[in-house]
Amino acid sequence: MDMLEHETKIRDYNLERLIMLTDGVFAIAITLLAIELHPPANWDRTFAGLMAHAGRNFLAYAMSFVFIAIYWASHRRTFKRFKRADGVLTGISFVLLALVTLVPFGTKLIAVAGPRGEPLMMYMSLVIAIGVVNALQWGYAAFLGRGILEGRMGWPLKLLIFLILLIVPSLMASLAVIANGRATPWVYAPMALSIVGVFWLRRVIGKKHDH
């Protein structure tokens, strides 16, 4: 049984509207990424020439597309466990959407300056912030919100899902440090241990949950 896959039977109208709005914003953000791609003015009509002049644009597009896809899929899985939305959850969702709409701008920074230095750090900070807010949505719904989750769920499973949602922003933070040339064994070791630990807990709690 996948702990992140669960379909609710009763859905709130406000929740459905929030999901539709979120899907629309994610879709627009991806569309804007593609709109920013243009053939270079001095292109010699060869693939090699295209990559030489627009390679960074395609790299930035690919990075942002993958990040948006990961966060949309994560959002879809967690919201399948919700049966209603209150004002606080809606507010957190709007913070998430505000950050997602900035991804095309962050992508432009990478396309212009390349994946290095302060532009990369600003871009990765945006990606990390999206992941943290995405996890906070679940944290609020699971531990503070009233009647948001469908069915009963033990706190170990709630905590595990919260930690799983934090894996992506944690990895992005580690990769940003590595890309900035400041990596040490103290960066790699916690990153590896956190991944192994979370998936070990998922396996243990998952077995208890299935039984």
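User: Is L159 buried, partly exposed or exposed, and at what relative accessibility?

Analyst: Keep in mind that this is a predicted model. L159 sits in helix α6. Partly exposed covers the range between under 20% (buried) and over 50% (exposed). L159 comes out at 34% relative accessibility, so the label is partly exposed.

User: Which helix gives the most residues to the nonpolar patch?

Analyst: The surface patch is made of F143, L144, W155, L159 and L163, with about 520 Å² of accessible area together. Two elements supply two or more residues to the patch: α5 (117-144) and α6 (155-165). With three residues, the top contributor is α6.

User: Where in α2 is the kink centred?

Analyst: Start with the length: 33 residues in a straight helix would span 48 Å at 1.5 Å a residue, yet α2 covers only 42 Å between its end C-alpha atoms. There's also a kink of about 75° in α2, and the residue at its centre is A54.

User: How many residues apart are the salt bridge partners K108 and E36?

Analyst: The structure has one salt bridge, and its side chains belong to K108 and E36, at 3.7 Å from N to O. K108 is in helix α4 (residues 103-113), while E36 is in the loop between α1 (13-35) and α2 (47-79). That pairing ties together distant parts of the chain, with a separation of 72 residues.

User: What is the relative accessible area of E36?

Analyst: K108 is at 40% relative accessibility, so this lysine counts as partly exposed. E36 is partly exposed too, and its relative accessible area is 38%.

Note on methods
Residues are numbered from 1 along each chain as its sequence is written. This is a predicted model: local features need pLDDT of at least 70, side-chain atom pairs count only at pLDDT 80 or more; totals for chains, interfaces and linings use all residues. Side-chain values use heavy atoms; hydrogens and water are left out. A salt bridge is a side-chain nitrogen of Lys or Arg within 4 Å of a carboxyl oxygen of Asp or Glu. Helices (H or I, at least four residues) and strands (E, at least two) are DSSP runs, numbered from the N terminus. Buried means under 20% relative accessible area, exposed over 50%, partly exposed in between (1.4 Å probe, protein chains only). The expected span of a helix is 1.5 Å times one less than its number of residues. The bend at a residue is the angle between axes fitted to the seven residues ending there and the seven starting there. Patches are made of residues with over 30% relative accessible area and no salt bridge: like charges are joined within 9 Å, nonpolar side chains (Val, Leu, Ile, Met, Phe, Trp, Tyr) within 5 Å. Accessible areas come from the Shrake-Rupley method with a 1.4 Å probe; for residues, only the protein chains shown count as cover.
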